[in-house]
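Please work through the exercises below with the sequence and the model side by side. Each task is followed by a solution that goes step by step.

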Amino acid sequence: MIFWGDLMNGHERRAQAKRNAILDAAFRLFNEKGYASTTVSEIAKCAGVSQVTLFKYFGDKLALTRETIHRFMDTVMPRFEAMISADVPYTVKMGRMLLFKREEQLKIGDWLYNEMRWDDPVIQSLIADFLRERVRTFYVDLFTQAEREGSLPTGVSIELAVAYVTMWQKVITQQDMIRRENIEGLYHLFLYGLMGMPPGADEKDRRA
C-alpha cells in the first residue's frame, strides 16, 4: 500500500534533485563561460530541465546566482569544520585552512571576481549572515586552541584575533577587492602585514 506521505516524500526528493541539478549546472557554466555569457536556456539544458522548471524554482538568473553562492559556501564550510576538529596543533590547522581556501578561490572562474553583483543587498546579507553565524564560531574555537597551546602572539587575545579575521573578511568581500590578481597579495598581507616576512623566516616558511 502506498501512503500519501510516501508520495509527497517522493515528490520532494525529485524536486530537490532538480534544484541540485540546476545549481550544479549554473556553477559549472558560470565557471566555464562566465556569468554574463551564460544564458538561462543553457543552464536549463545542462541541468536536463525546462526553462519553466528553472523559473519555477529560482525565479530569475540573479536569484539562481544568489542560491548558487549560498550553496557553494555551505559546501565548503564542512571541510573547514573537519579541519577544526582534527587532532593536530593550531599551526598545522591554520596552514591547512589557508592552503585549502586559496586553492578553492583559485578554482573558481573569473565570473565570481569580475562579474558578480557583490553590491546586491541579498548577496551581501547572505555573506554577512554566513560570517556572523558560522564563521565567527569557527574561528573562536580555532583561536581558543591557539591560546591554549601558546601560539597566539603576546598581547593578542582570542577576541582580538577573531576581530582581525572578521576585518579581513569584510575587506576581501568588497567589490573593488574581489579580483583574482589580488588573492596572493591579500593572503600575504593577512599573514605578514606590511612588514613582509617575520624575522628569521625564509621562502619555505612563507609557502608552508
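The exercises go from the overall fold to helix packing, the core and the aromatic rings.

This is a predicted model, in which local features need pLDDT of at least 70 and side-chain atom pairs count only at pLDDT 80 or more, while totals for chains, interfaces and linings use all residues. Residues are numbered from 1 along each chain as its sequence is written, and side-chain values use heavy atoms, with hydrogens and water left out.

**Exercise 1. Determine how many helices and strands the protein has, and what share of its residues is buried.**

Step 1: Helices (H or I, at least four residues) and strands (E, at least two) are taken as DSSP runs, numbered from the N terminus. On this basis the protein has 10 helices and 0 strands.

Step 2: Buried means under 20% relative accessible area, exposed over 50%, and partly exposed in between, with a 1.4 Å probe and protein chains only. Of the 208 residues in the protein, 36% are buried.

Step 3: A contact requires heavy atoms within 4.5 Å. Among contacts between residues at least 6 apart in sequence, 63% join residues at least 24 apart.

**Exercise 2. Classify the crossing of α2 with α3 and that of α4 with α7.**

Step 1: Axes are lines fitted to C-alpha atoms, for helices over the stretch in contact, with angles running from 0 to 180 degrees between N-to-C directions. Angles under 35 degrees count as roughly parallel, over 145 as roughly antiparallel, 65 to 115 as roughly perpendicular and the rest as oblique.

Step 2: The axes of α2 (residues 40–47) and α3 (residues 51–58) come within 9 Å and cross at roughly 100°, which means that α2 is roughly perpendicular to α3. Here Val40, Ser41, Ile43 and Ala44 of α2 meet Gln51, Leu54 and Phe55 of α3.

Step 3: Ala, Val, Leu, Ile, Met, Phe, Trp, Tyr, Cys and Pro count as nonpolar, Asp, Glu, Lys and Arg as charged, and the others, Gly among them, as polar. The residues in the contact of α2 with α3 are therefore divided into 5 nonpolar, 2 polar and no charged.

Step 4: For α4 and α7 the axes come within 11 Å and cross at roughly 5°, so α4 is roughly parallel to α7. The residues in contact include Arg66, Asp74 and Phe80 of α4 and Ile123, Arg134 and Phe138 of α7. By class, this contact has 13 nonpolar, 1 polar and 5 charged residues.

**Exercise 3. Identify the residues with the most contacts inside the largest nonpolar core.**

Step 1: A nonpolar core is a set of buried Ala, Val, Leu, Ile, Met, Phe, Trp, Tyr and Cys residues joined through side-chain atoms within 4.5 Å. The largest one has 54 residues, and Ile22, Ile43 and Phe143 have the most contacts inside it.

Step 2: Helix α7 (residues 121–148) gives the largest share of this core, 11 residues.

Step 3: Leaving aside neighbours within four places in sequence, Phe143 is in contact with Tyr90, Met94, Leu152, Ile158, Ala161, Val162 and Val165.

**Exercise 4. Classify the ring pairs Phe27 with Phe72 and Tyr90 with Phe143.**

Step 1: Rings of Phe, Tyr and Trp (its six-membered ring) pair if their centres lie within 6.5 Å; planes under 30 degrees apart count as stacked, over 60 as edge-to-face and the rest as tilted. The structure holds 7 aromatic pairs.

Step 2: Phe27 and Phe72 have ring centres 5.5 Å apart and planes at 20°, so the pair is stacked. Phe27 lies in helix α1 (residues 4–33) and Phe72 in helix α4 (residues 61–85), 45 residues apart. Phe27 counts as partly exposed because its relative accessibility is 24%, and Phe72 is partly exposed at 22%.

Step 3: Tyr90 and Phe143 have ring centres 6.3 Å apart and planes at 55°, so this pair is tilted. Tyr90 is in helix α5 (residues 90–107) and Phe143 in helix α7, so the pair ties together parts that are 53 residues apart in sequence. Both Tyr90 and Phe143 are buried.
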